[in-house]
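Here are a few friendly notes to help you find your way around. Have a look at the structure first, then read on.

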Amino acid sequence: MMERLGLGDAWSRVPARVRRGLLPLVVFLLLIFYPSYYGDITSAIGSSSTEAQLVPTVPTMVIMTVYVIMALGLNVVVGYAGLLDLGYVAFYAAGAYVAGWFATQQFSPHNVHILSVGVPSSIQGFHFNVWLLLIVACLFAAVFGIIIGLPTLRLRGDYLAIVTLGFGEMVPQAVNNGDNWFGHNITNGPNGLTPIDALGFGALHNEVSFFPSAYYNVTNAVSYYYWTGIALVVFTLFCCIRIRDSRLGRAWIAIREDEIAAAAMGVPLMRTKTWAYAIGAFFGGGAGCFYAIYKSSTFPGDFSLNISITVLAMVILGGMGNVWGVCMGGAVLSYLNYQGLEAVGNNVNNLAGTSFNVPQYTYGIFGFIIVLMMLLRPEGLIPGRRRRVELELGVEGGSLYDASA
Amino acid sequence: MSTNGTPLLELEDVHTYYGTIEAIKGISLQVREGEVVTLIGANGAGKSTTLRSIQGINRPKRGRILFNGKDIVGHPPHEIVRLGISQSPEGRRLFPRMTVLENLEMGAFQRRDRSGVHQDVERVFGLFPRLAERRSQKAGTLSGGEQQMCAMGRALMARPKLLLLDEPSMGLAPVLVERIFEIVTEINSQGTTILLVEQNALMALDVATRGYVLETGVVALTDDATALRSNERVRKAYLGLT
C-alpha cells in the first residue's frame, strides 16, 4: 500500500507534458516494431488457426495508415471547421493520379527523369522522385481543394454536403473517361495507370544500409511501406495538432459554432473555410499518392463514394475534432473493412459450425456498428473536449443564440 | 465625452432587403465622433437590419454608408471590423462552447498586437468584474446578464472607433439594465463612439446624445435625446407616458 502510494506520488511529480506524451510514445514504439513481433504473436496463437487471422497483417497495417491519414485530413474539414464534405474521395483520387502521371510510363515517349530512384533511365515517361511526388500530390490536391471550395463554400450545411457529394461522383467519372480528354489520353481510362515507381532512397543506401535503394530490392518491402506510412501519420498528426491550436484553428471553431458571429468578429469566412478545405485536401492527396505508390497502380474504380462515406464514418466514430479519436476510428474501421470482419466471421463459423460469407455483409455490419455507436456513445470513441461539452449542454449554438433579424 | 462634430458614420438613403422584402427603406442618419446615438422603434422597424447593414452582414441594395468619409458598402464584415466598427449583436451570439476569455480573444481576431490585446482583456475585466470571475467558464453556461457583458466586452476587444450595440437590455432584470447603461456611458466616456439600438427607449434616451425613431423601415423622427424625451408622439408610442 505504502509503496503504491509512493509510486503514485512520484508519478504526479512528473511534468504534465511528459505524462500526456507517454501513452502516445509507448503506442508509437509498439507500432514501429510491429513487423518484427507480428510473427511471434501469430505463432503463439498457432499460425494456421482461424484465431490467428484476427491479428492484423502488415499489409493491413499499411492500409490502416492510409485511412488514418485520410480520416485526420477529413477531420480538419468536418471536425474542426464543421463543413460536411461527402466528396472527400476526390482529393484522394487527385493525389493518386499525381503519382500515376509522374511515376509511370503513361506519357511516353516523353522521357523526363527528375531525381528518380530505382528507375532505369531507359524507361520512358515522367519519373519524378517519389518523395518529391508525395509533396507535389499534397499540393496538387490542396489546389484542387481550393478550386472546388471557391464556388461551393458559399453554401451552408446541407447544401454544401450535396454539392460535395456531386464532386465526389464527378471525379471518378472524369478519370474513367480520361483516356480521351479532347483527344488526349490523360488517365488511361478504366485500365488505370500502372506500374507506378516504388519508393526508395537511391544512393542513400550506400551510406546507411538500412534504407533500401528501392523498396522492391528488399524482401520485407511491405514493412518499409508500413514504416513510411507510420512516418506520414506522425507528420499528419503533428500538423493537425499545431493547426488546431493556431489562430486559424480558433477561427474554424468560431465558424463551426456561429458563422454570423464569427464574421462579425472579423473572421474572414471564405478564406478561413477555403483553408480548411485546402488543408483537408492536402492530407487526402498525400494518402492517395502513398496508397497508389504502395499498390503500384491507380484505377478509377478505387475512388467510389464508399470511401468518402467510410472516411466520414471514421471521423464520426472516432470523435469529431479529436485527433486521437479520429486515429482510432480510422484504424479500427479500416482494420474491420480489410481483415477484421472476415476473420471474425471465420471464427464465428468455426465455433458455431455455420457458413456465413461475412464479407458479403460488410456494409450491413458497418451500418449496424455505426447505429450502435451513435446510440451508446454518440460523442465517438475519444471525443474532443469541446464536443463533449456540446453534448452535455445539449445545445446547438444556433437554436439558443440565434436571433436572426 | 464631448463631441467634435465630424461625422464618423453617415448613412445616405440605405435600402436593405431580405429576399424580396424591403426591411429598411431609405434610411439616412449620422453619428458624430464621441456621440452616443440611439435608434429606437418597435419590433420590425429595421433597427437591427440597420446595424447589420453597417457591419456588412446584409448588403444594402441601394444607398451609401460612409465611415470616416469612405464608402464601405460591399466590404465584407471582417474588413469593416478592421476599419474600426464592431458589434455586440442582437441575441448576443456568443460562442457557447468557448470560455469567456476565448470569446474575448475572438473579439480581437483582427488584431496582431498581443500586448495590446492583453491590456484590453484587463480593461474589459475592469469594466465587468463579473467576467473576470468567470473567465474560464463556458460562455453557454453564463446567465443572461453575464452573457450580455461578455458580448459587449467581446465587441470592445476589437478596439473599435464605433461600437454598435444591439438591444443590450433585452431580457435582463431591471437592476441589470441600469448597470448595462451605466457601462455604456462609461465606455463612451473612455472615447468610443456608440450607436445603440434599443426597445427600452426611456433608458436609451437617457444615455444618448441624439436619437432616431424608426418606423417600418424609415426614420420617422430625429432630434436631441432630451427633445425626443419630451416629444408628445415619442412619449405616447415608446415611453408609455402621457
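1. A good place to begin is the interior of chain B: of its 242 residues, 55% are buried. Please keep in mind that this is a predicted model.

2. Next, the overall form of chain B. A compact globule of 242 residues would have a radius of gyration near 18 Å, and the 17 Å of chain B agrees with that. Along its principal axes, the C-alpha trace of chain B spans about 45 × 40 × 40 Å.

3. If you like to trace secondary structure, chain B offers 10 helices and 10 strands. Among the contacts in chain B with a separation of 6 or more, 69% are accounted for by residues 24 or more positions apart.

4. Now for the surface. About 9700 Å² of chain B is exposed, and 48% of this area is supplied by carbon and sulfur atoms.

5. Do turn to chain A as well, where helix α4 (residues 58-80) meets helix α13 (residues 305-318): their axes come within 9 Å and cross at roughly 75 degrees. An angle of 65 to 115 degrees counts as roughly perpendicular, so α4(A) is roughly perpendicular to α13(A).

6. Which residues make this contact? From α4(A) come Y67(A), M70(A), A71(A), L74(A), N75(A) and V78(A), while α13(A) brings I307(A), V311(A), L312(A), M314(A) and V315(A). By type, the residues of the contact of α4(A) with α13(A) are 10 nonpolar and one polar, with no charged residue.

Key. Residues numbered from 1 in each chain as written. Chains lettered and ligands numbered in written order. Predicted model: local features only at pLDDT ≥ 70, side-chain atom pairs only at ≥ 80, totals over all residues. Heavy atoms only, no water. Axes fitted to C-alpha atoms, helices over the stretch in contact; angles between N-to-C directions. Helix = DSSP H or I, 4+ residues; strand = E, 2+ residues; numbered from the N terminus. Parallel < 35°, antiparallel > 145°, perpendicular 65-115°, else oblique. Contact = heavy atoms within 4.5 Å. Nonpolar A, V, L, I, M, F, W, Y, C, P; charged D, E, K, R; others polar. Rg over C-alpha atoms; globule rule 2.2 N^0.38 Å. Buried < 20%, exposed > 50% of the residue type's maximum accessible area, 1.4 Å probe, protein only. Areas by Shrake-Rupley, 256 points an atom, 1.4 Å probe, with all protein chains shown as cover.
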